[in-house]
Amino acid sequence: LFYDPIPTLNLVRCPVLAIYGEKDLQVPPAQNAKVMEDALKTQGVTKSKVVVLPGLNHLMQKAETGAISEYAKIEETMNPSALQAISEWLLEVTR
């Protein structure tokens, strides 16, 4: 709760893909995505991308509420939209 990621993010020089699940209750995108995006822009880290994926929880699974208590009930390992976002970004960065 007291950790400030900005000093560490200011050291980043490589491309970053930051993926947030819209229903993530552990790392809420409303509090974190913009901070990450701003930090990467401030540092001029090119080819970085911040994505919020609709309906996904902290584990990048389709979820009803995002509550940790749902984890055991969800059969999906990782939602295809997360895999697609990762593969598209990797192709973009390595071209």
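**Local environment of Asn57 and neighbouring features**

In the predicted model, a polar atom of the Asn57 side chain lies 2.8 Å from the backbone nitrogen of Leu59, where a polar contact denotes a pair of N or O atoms within 3.5 Å, one able to donate a hydrogen and the other to accept it within protein, with residues adjacent in sequence counted only if both atoms are side-chain atoms. Local features of this predicted model require pLDDT of at least 70 and side-chain atom pairs pLDDT 80 or more, whereas totals for chains, interfaces and linings use all residues. Residues are numbered from 1 along each chain as its sequence is written, and side-chain values use heavy atoms, without hydrogens and water.

Asn57 is located in the loop between strand E2 (49-53) and helix H3 (80-94); helices (H or I, at least four residues) and strands (E, at least two) are DSSP runs numbered from the N terminus. The relative accessible area of Asn57 is 0%, and the residue is therefore buried (under 20%; exposed, over 50%; partly exposed, in between; 1.4 Å probe, protein chains only). Beyond neighbours within four places in sequence, Asn57 contacts Gly21, Lys23, Asp24, Ala63, Gly66, Tyr71 and Ile74, contact meaning heavy atoms within 4.5 Å.

Met60 is also placed in the loop between E2 and H3. Its phi is positive, near 60 degrees, although Met60 is a residue other than glycine; with 10% relative accessibility, Met60 is buried. Most residues other than glycine have a negative phi. A positive phi of about 65 degrees occurs at Lys47, in the loop between helix H2 (29-43) and E2. Lys47 is partly exposed, at 40% relative accessibility.
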